[in-house]
Amino acid sequence: MNAPAPTAEDIRAIVAPLASLEGPLLPMLHALQDSYGHVPQAAVPVLADMLNLGRAEVHGVISFYHDFRDAPAGRHVLKICRAEACQSMGANRLADSTLRKLGIGWHDTTRNGAVTVEPVYCLGLCACAPAAMLDDRVVGRVDDARMDKLLSEVGA
């Protein structure tokens with residue numbers, strides 16, 4: 001069963017303590033994502049009103065930053081590096097193979113809710129390419145066997 005959508009009052013309660021910060025929009029968006037696992041669509045008009053911004057401005061910030069989600073992620077998040085060093089070492093093939101095995105596309109979540117797969121542009125592990133990050137754990141020299149092991153660890 002899904003949790004009920006947050007109300008404007010719920011959203012205000014989370015973000016109001018941050019309103020006095022200089023440049024409060026990003027901290028507010030992070031607080032909402034920390035609370036709900038994503039930035040609820042209902043937050044856009046609330047934030048726009050509180051900060052005297054247009055709804056399009058708020059939406060633009062949410063859509064510009066890749067880490068903000070408009071829907072909750074799976075229980076685990078797998079990020080596969082798409083930067084040049086990793087591409088040169090087979091990251092595109094690894095990504096295609098992983099997405100095909102899971103039956104999903106980028107930014108999608110497996111049917112069982114176990115894992116969401118996202119692209120990332122450099123994990124700083126270029127010497128050990130291709131790299132991936134499962135939740136907060138960075139892994140280098142990822143091949144199909146290592147990826148299968150990672151996915152099995154999270155029930156994907």
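At 32% relative accessibility, aspartate 135 counts as partly exposed in this predicted model. The residue sits in the loop that links E3 to strand E4 (137–139), and its backbone has something of a quirk: phi is near 55 degrees, a positive value in a residue other than glycine.

Cysteine 122 tells a similar kind of story. Here phi is near 95 degrees, again positive although the residue is not glycine. Cysteine 122 belongs to the loop between E2 and E3, and with a relative accessible area of 38% it is partly exposed. That loop, running from strand E2 (115–120) to strand E3 (132–134), also holds proline 130. The peptide bond between alanine 129 and proline 130 is cis, with omega at about -5 degrees.

Stepping back to the whole chain, the protein has seven helices and four strands. Read from the N terminus, the elements go α-α-α-α-β-α-α-β-β-β-α, so to speak a run of four helices, then a strand, two helices, three strands and a closing helix. The C-alpha trace spans about 50 × 35 × 25 Å along its principal axes. Of the 156 residues in the protein, 40% are buried. As for how the chain meets itself, take the contacts with a separation of 6 or more: 56% of them are between residues 24 or more positions apart.

The protein splits into two domains, with domain 1 covering 8–64 and domain 2 covering 76–154. Taken over C-alpha atoms, the centres of domain 1 and domain 2 are 30 Å apart.

Next comes a pair of helices, H1 and H3. Helix H1 takes in residues 8–15 and helix H3 residues 43–51; their axes come within 9 Å and cross at roughly 55 degrees. That angle is neither under 35 degrees nor in the 65 to 115 range, and H1 and H3 are therefore oblique to each other. As for handedness, the crossing of H1 and H3 is right-handed. On the H1 side, the residues that take part are Ala8, Ile11, Arg12 and Val15, and they meet Ala43, Val46, Leu47 and Met50 from H3. Sorted by class, this contact has seven nonpolar residues, one charged residue and no polar ones.

Terms used: Residues numbered from 1 in each chain as written. Predicted model: local features only at pLDDT ≥ 70, side-chain atom pairs only at ≥ 80, totals over all residues. Heavy atoms only, no water. Axes fitted to C-alpha atoms, helices over the stretch in contact; angles between N-to-C directions. Parallel < 35°, antiparallel > 145°, perpendicular 65-115°, else oblique. Left-handed = near helix turned anticlockwise from the far one by under 90°. Contact = heavy atoms within 4.5 Å. Nonpolar A, V, L, I, M, F, W, Y, C, P; charged D, E, K, R; others polar. Domains from an automatic or database assignment. Buried < 20%, exposed > 50% of the residue type's maximum accessible area, 1.4 Å probe, protein only.
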